[in-house]
Amino acid sequence: MSIEEPFKQYKNEMEFNEETDATIYDGEIQTLGIQMEMKDVTSVGGTLRFVYKANETVGAGSITTGERYYIQKRSGGGYEDLLTNKEEDSAWIDVGWPVGGEKRDSVFESQIDWSALYGKLESGEYRIIKPITTNRYIGSFKRFYIADDFIVTD
């Protein structure tokens with residue numbers, strides 16, 4: 001299954017008016033002023049860190065993310081989707097953690113443990129992809145995807 005398929009499926013599950021930008025932004029979405037990085041990575045998880053860098057304040061909660069994420073492994077010049085170790089689709093809690101919009105340089109961090117979904121990752125280069133939603137567009141929500149590369153060494 002390509003990484004685009006879960007994105008299409010997830011978009012179809014949404015119950016509100018939402019536009020999706022299917023581009024996967026590498027580490028930063030400049031139009032939103034949001035940056036994301038993985039740190040303290042091990043073979044079973046790490047810390048996901050978001051920093052809001054825009055000069056404007058658009059309001060608390062106007063840029064959010066949830067629990068959903070995807071992991072891909074670098075292969076040749078691109079990435080391959082990692083298969084989960086679950087036979088059926090995984091369930092995600094539909095939450096909206098505010099990751100930007102309140103004030104410049106605000107930080108949101110979240111621990112990610114992918115061992116239940118992907119198991120222990122082998123040594124190698126990977127990237128994590130997170131959906132970001134904003135209500136900065138009057139009358140609707142817009143979804144973006146942001147990614148960050150990370151290396152597993154153990």
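Reader: In this predicted model, over how many bridges do β3 and β4 pair, and in which sense?

Author: In the predicted model, β3 covers residues 34–39 and β4 covers residues 45–52. One bridge partnership between these strands joins K39 to T47 in β4. The pairing of β3 and β4 is antiparallel, and its bridges number six.

Reader: Which residue in the turn of the β3 and β4 hairpin has a positive phi?

Author: Five residues lie between β3 and β4 in this hairpin. A positive phi of about 50° occurs in the turn, at D40.

Reader: Which residue takes a positive phi in the hairpin of β2 and β3?

Author: β2 and β3 run antiparallel and are joined by two bridges, with E28 opposite Q35 in β3. Their hairpin has four residues between the strands. The residue with a positive phi, near 70°, is G33.

Reader: Which residues form the covered face of β3?

Author: Strand β3 has two faces, one covered and one uncovered. The uncovered face carries Q35, E37 and K39. The covered face consists of I34, M36 and M38.

Reader: What is the bridge partner of F50 in β9?

Author: β4 pairs with β9 in the antiparallel sense, over seven bridges. Within β9, the partner of F50 is F108.

Reader: Which strands stand at the edges of the sheet, and why is one side of each left without a neighbour?

Author: The sheet is open, has four strands with antiparallel pairing, and follows the order β2-β3-β4-β9. Each edge strand has a single partner strand, so one of its sides lacks a neighbour in the sheet. The edge strands are β2 (28–29) and β9 (107–113).

Notes: Residues are numbered from 1 along each chain as its sequence is written. This is a predicted model: local features need pLDDT of at least 70, side-chain atom pairs count only at pLDDT 80 or more; totals for chains, interfaces and linings use all residues. Side-chain values use heavy atoms; hydrogens and water are left out. Two strands pair if DSSP finds at least two bridges between them. Buried means under 20% relative accessible area, exposed over 50%, partly exposed in between (1.4 Å probe, protein chains only).
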